[in-house]
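Colleague: I would like to understand one part of this model properly, and I would be glad of a patient explanation. Please begin with the whole chain before turning to the detail.

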Amino acid sequence: MAAPFAPRALAALLHALVAPVLALPGAVLVLVGLGVGAVLSWTALGPWLLALTVRGALALGDLQRTLAGRLSGEPVEAAGRRSAPGVFGWRRALLGDRAGWRAVAAALLAPFTTLPPLLAVTLGYVYGVLALAHPVLRHWNYFTVHDRDGTVRHVGLLIHGVEFDSWPRWTVVVAAGALLVLLAPRLVRWAGAPHRLLLRALLGPSAADARIRTLEETRAHAVEDAAATLRRIERDLHDGTQARLVGLGMQLTLIRELLTRDADRDRLLATVTHAQDNATRAIADLRHLVRGIHPPALDEGLETALATLAADAPLPVALRARISHRPSPALESIAYFCAAELLANAVKHSGAAEAAVEVCGDDRALRLSVRDDGRGGAVIGAGSGLTGLLGRIRTVDGTLTCDSPPGGPTVAVVHLPYPTAYEAHPAG
């Protein structure tokens, strides 16, 4: 019985009560502003009045978004707005901004979408509490009935000729009241769904704005990822391969000096052996560096690369691959590195004893699933490695989901759609 009066439920209740108070006067003011502005549109005052009306609708929309985010727990992201310098630029930007006119539409429709939550509050909380307290309230909340025999009775609740004032009939009313109170939070939430949908559709970013913002974020991530890769390559070359090549050059110089001085044969062979070891290690470093940029196994296809990755993993990995159409090299590379990172996470963080990798692809998308039997608790975000994977996946409009309850198992799924203009070709 305490759940309907929990903080979250009370916040939704407050939002259902406050939203109509804002919506109805706001709709009236916007409607009046549009009407007067349209009538005066042939004068110089009309466009200014229309611009002020649009600006007022935007302010009202900001307030509605703030209330929805803080009280209903579902924040609505602000839409992008146009701006221009100067007073006339301000007016021109407002009158030509799609976000402003969408806010006007939201202001005019809000009274209709805020009414159902108010009715749900009335039904669930008001009538529910009244019915729950009926055995007590019937002593004060009643009406008088005069029978034909002249007797006078006080009736608290009468429905279709049936009185619910005596035991055990009033228990039906109490049970109905308890049910309404318990269902009140859900009723309010369900009734508020159209209003939340209206706010997201008209006050949030449009599909084009969301797409542009996503492209900007993915482009920034791609640039950062490329810069980080270049820094890593430079660091590995400087600290590893370059140092070994410098040592190799010094040893070759020493060998030349030993040869000119007819040095001892054993010393000369030891120097040659050392130089040979340095050369071998430099080649190994270069191979490792190239493998980190583009694994050579990917040249044979994603299935072969994943099979090599599974064979080299420090825990047993079961691989299942069904790729009817080979994806582009970029998607293959992303899928490979995602599998490598997810398996590395399973080894380092989850304490898994075994893992399974499944990849399937058709002519529309590539789907990679990595499952481990570790301790679970993996979350996308909070600076985890999954956040970096998500950034890389989003550069190709992919998605990443992770189901990792405490105690495991962890299942991470990567979905990589093929580009629209992609011409699929059979694998192999």
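What percentage of the 428 residues in the protein chain is buried? After that, please take a close look at L123 in helix α4.

Modeller: This is a predicted model, in which local features need pLDDT of at least 70 and side-chain atom pairs count only at pLDDT 80 or more, whereas totals for chains, interfaces and linings use all residues. Residues are numbered from 1 along each chain as its sequence is written, and side-chain values rest on heavy atoms, with hydrogens and water left out.

Of the 428 residues in the protein chain, 35% are buried, where buried means under 20% relative accessible area, exposed means over 50%, and partly exposed lies in between, with a 1.4 Å probe and protein chains only. The chain has 12 helices and 11 strands; helices are DSSP runs of H or I with at least four residues, strands are runs of E with at least two, and both are numbered from the N terminus.

Turning to your residue, L123 belongs to helix α4, which covers residues 98-132, and with a relative accessible area of 42% L123 counts as partly exposed. Once its neighbours within four places in sequence are set aside, L123 is in contact with G128, L180 and L187, contact meaning heavy atoms within 4.5 Å. L187 is 64 residues away from L123 along the chain, yet their C-alpha atoms are separated by 8.8 Å. For the background to this, among contacts in the protein chain between residues at least 6 apart in sequence, 69% join residues at least 24 apart.

The stretch around L123 also has an entry in a record: the UniProt annotation "transmembrane region", from an unreviewed entry, covers residues 39-60 and 101-127. Such annotations may be inferred rather than shown by experiment, and their positions are given here in the numbering of this model. Over residues 101-127 the chain is 100% helix and 0% strand, with end C-alpha atoms 39 Å apart. Residues 39-60, by contrast, are 77% helix and 0% strand, and the end C-alpha atoms of that span lie 23 Å apart.

For another helix to set beside α4, consider α7, residues 193-203, whose buried residues are H195, R196, L198, L199, L202 and L203. Seen down the axis of α7, these buried residues fall within an arc of 155°, so they line one face of the helix; the arc is that of the directions from the helix axis to the C-beta atoms. In general, an α-helix has 3.6 residues a turn, so residues three or four places apart point the same way.
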